[in-house]
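Reader: Please give me a close look at one part of this model and what surrounds it. A connected account would suit me better than a list.

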Amino acid sequence: MGEIEDGEADHITTDVQGQKCALVCECTAPESVSGKDNLPFLNAVLKNPVCKLYRFPTSDNKWMRIREQMSESILSFHIPKELISLQIKEDLCRNQELKELGELSPHWDNLRKNVLTHCDQMVNMYQDILTELSKETGSSFKSSSSKGEKTLEFVPINLHLQRMHVHSPHLKDALYDVITVGAPAAHFQGFKNGGLRKLLHRFETERRNTGYQFIYYSPENTAKAKEVLSNINQLQPLIATHADLLLNSASQHSPDSLKNSLKMLSEKTELFVHAFKDQLVRSALLALYTARPGGVLKKPSSPKTSTEESSSQDPPPPMRRQDSIPHHSDYDEEEWDRVWAHVGKSLNCIIAMVDKLIERDGSGEGDDGSGKDGEKGHSLGDSIITHPQEDWYEQLYPLILTLKDCMGEVVNRAKQSLTFVLLQELAYSLPQCLMLTLRRDVVFSQALAGLVCGFIIKLHTSLYDPGFLEQLHTVGLIVQYEGLLSTYSEEIGMLEDMAVGISDLKKVAFKITEATSNDVLPVITGRREHYVVEVKLPGRMFESLPLQIKEGQLLHVYPVLFNVGINEQQTLAERFGDVSLQESINQENFELLKEYYTVFMEKMPPDYISHFQEQNDLKGLLENLHQNIQAKKRKNVEIMWLAATICRKLNGIRFTCCKSAKDRTSMSVTLEQCSILRDEHQLHKDFFIRALDCMRSRQTQGALNESDDPETGCLTDNKPTSRHFYPVALLLVSSHLLVVWLILSLALLLAKYQ
């Protein structure tokens, strides 16, 4: 049996008669994984650790020491608050853009007013939730009993780190982490109509087939519009900043600084110009034109066939009529090309001027000249003449001013047209659209809190592994979610929510920065279509990172979900229901996992791959996983084990989820831990069950029955366990069986209360 180290036991549990579990000691102080660990940093995101120590015999009758630790994470509340703040800012900005859309025809103007009314209500609701979350103190995790509370619906359920540290007599010390969390789902909103996967599909189908009051844009086009708007908001201030730096370099008469500033300005301006080379922007401008009062098209709507009409360089000025509704001239589809082309021409003028200034400064010649190629076609091109006596700043200032003016015109038109695209998404079935947005935000917030927690812990434990750091910035990080939800009743909706929430994590990237203060909590930036999580590291830890990461390269994650229902409800689903949702999710995510494996094998050096696994080993595991997914086997838990093994071999982050991260999750985690001890650390075969019983015993693990609540640590012995009450659906086939079932149930109740 297991033994306890002298002097370490605060609490000892054993079953001498039955010899079921090893001796175990309980402690509260966390143990450093290695001498290189920076516990203050890890303690900034983890708190309230509960530790257990075990000793189990190996196959050659030596001893291994196991330290099991469970910790809460303060990120359970920090990440939702950060995310809600960002979403409020984004929605306020969108509402302001809708107001600045300009004059619209009565139909579109009424739709806009209706949209703004509902969006303002949503913003107020988000602000109220954020206020309530800011008042939360005390526990750093949300218990399952609170999953129906509206003010806490953005917070993940039972988010914990489950860590097993193995001191083996044969192998190097090993660390195994699993993040346990309740399935990301909108419990407060319920699952009467299904989850996000079904609701989004139904919403998109209905919106596509009912377009008489609005213009239909596909989800891809809507996402593209949001992306372009995001690029505008990011690039415009950057270009303005680099333009000011260019003028500053010119005032200092520094050729080298002038060249560097011009290079940065050119790169950002080219990105700005290319952002608008999309047919969506052109079609959105046309749609917005027709939505203006008096906006009647008199030209064909196809932009490809109107090249012969592009001779008119500028549209005629609008003609004013006697009434208040302005009259628009014929829509010139080439005007947009000219508008954003002016930005490129303005940049060419600046480049030509800088080249001329530097050339004249270097040669000392005083001949006058004007811009050549770069100034063609620009209104200022013919009037720019350099004089050696004049200041560089005075030469460049009018060109910079023209560039900013041209950019302002592009930004104004593009923002309005793309905001009009977003108006179409909101205009259809307003309450339903906004409620779907809320539901998706809730699920994503829960998933993101767990992801950020897992990423920080993984970074902390692998900070001094150069191979892992190279994999992190070269390939990215695999994040594997193990779902234990059934495909029966309301858990179908939970699984649908969870699948979408985990898939949305593809929009998240991480950036590691150096902490400038004691505050090392992560910071989130971005919009709904793309979030960046800034992880802060103390200076000593930051300096150990590769150059690419220190320079701010974005680190991407690749989330995959594999689900296998294991409870009694899944038995009903497999016999009388439908398991197609689980099968499709597993198949889709297997393809994602295979894609990551392919990229991993292509980009990582062979010496690193052979360092921790053989190529055929991973390939064989993937093939085995695919075969098990294709097989129609009930409760095929082999899928879970294979996916977890592949994730660990790929240096990924492991998550285990069920409805509340209690019973099924704890059973799965303890089984996985004992299997690792057997397969990786030579646990004696006769002690596998005993080790499992020890980790699952009430004194060491907490009660595991559905009638017991590990969150509170109390045992509700007076509550009958549900496993004795077999599903009525199985007994309705015979009235005699039903009578027998009722009698047995009554007898069990009487025996229980006696």
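Author: A strand here is a DSSP run of E with at least two residues, and strands are numbered from the N terminus. Two strands pair if DSSP finds at least two bridges between them. The model is predicted, and the part to look at is strand 6, residues 174-182.

Begin with its link to the strand before it. Strand 5 is joined to strand 6 by a hairpin of 6 residues. Strand 5 covers residues 160-167, and 7 bridges tie it to strand 6 in an antiparallel arrangement. One place to find this pairing in the view is M164, which stands opposite Y176 of strand 6.

Strand 6 has another partner, strand 12 (residues 653-658), and here the pairing is parallel, over 4 bridges. In this pairing G182 faces C658 of strand 12.

How enclosed is strand 6 by the rest of the structure? Of its 9 residues, 7 are buried, so the strand is largely enclosed. T180 can serve as a closer look, since T180 lies in strand 6. T180 counts as buried because its relative accessibility is 8%, and the cut-off for buried is under 20%. Leaving aside residues up to four places away in sequence, T180 touches N158, L159, H160, Q162, T656, A661, T665 and V669. Of these, H160 and Q162 fall in the range of strand 5, residues 160-167, and T656 falls in that of strand 12, residues 653-658.

Elsewhere in the chain, two helices give another kind of packing. The axes of helix 2 and helix 10 (residues 430-461) come within 9 Å and cross at roughly 130 degrees. This makes helix 2 oblique to helix 10, because 130 degrees is not over 145, not under 35 and not in the 65 to 115 range. The crossing is right-handed. From helix 2, the residues in contact are L75, I79, P80, L83 and Q87, and from helix 10 they include D441, F444 and L448.

Charged pairs are the last topic. In helix 2, which spans residues 75-99, R94 and D91 sit 3 residues apart, about one turn. The two form a salt bridge, with the closest N and O atoms 3.6 Å apart. Buried or exposed, for R94? R94 is buried, at a relative accessible area of 16%, and D91 is buried too, at 5%.

The pair K135 and E132 gives another salt bridge, at 3.5 Å from N to O. K135 is exposed, at 56% relative accessible area, and E132 is partly exposed, at 33%.

In helix 9 (residues 392-427), R413 and E409 are 4 residues apart, about one helical turn. Their side chains meet in a salt bridge of 2.6 Å, N to O. R413 is partly exposed, with a relative accessible area of 24%, and E409 counts as partly exposed at 33%. Salt bridges with shared partners join E90, D91, R94, D441 and R528 into one network. D441 of this network is also among the helix 10 residues that meet helix 2. The search of the whole structure finds 26 salt bridges.

Notes: Residues are numbered from 1 along each chain as its sequence is written. This is a predicted model: local features need pLDDT of at least 70, side-chain atom pairs count only at pLDDT 80 or more; totals for chains, interfaces and linings use all residues. Side-chain values use heavy atoms; hydrogens and water are left out. A salt bridge is a side-chain nitrogen of Lys or Arg within 4 Å of a carboxyl oxygen of Asp or Glu. Buried means under 20% relative accessible area, exposed over 50%, partly exposed in between (1.4 Å probe, protein chains only). Axes are lines fitted to C-alpha atoms, for helices over the stretch in contact, and angles run from 0 to 180 degrees between N-to-C directions. A crossing is left-handed if the near helix is turned anticlockwise from the far one by less than a right angle, and right-handed if clockwise. Contact means heavy atoms within 4.5 Å.
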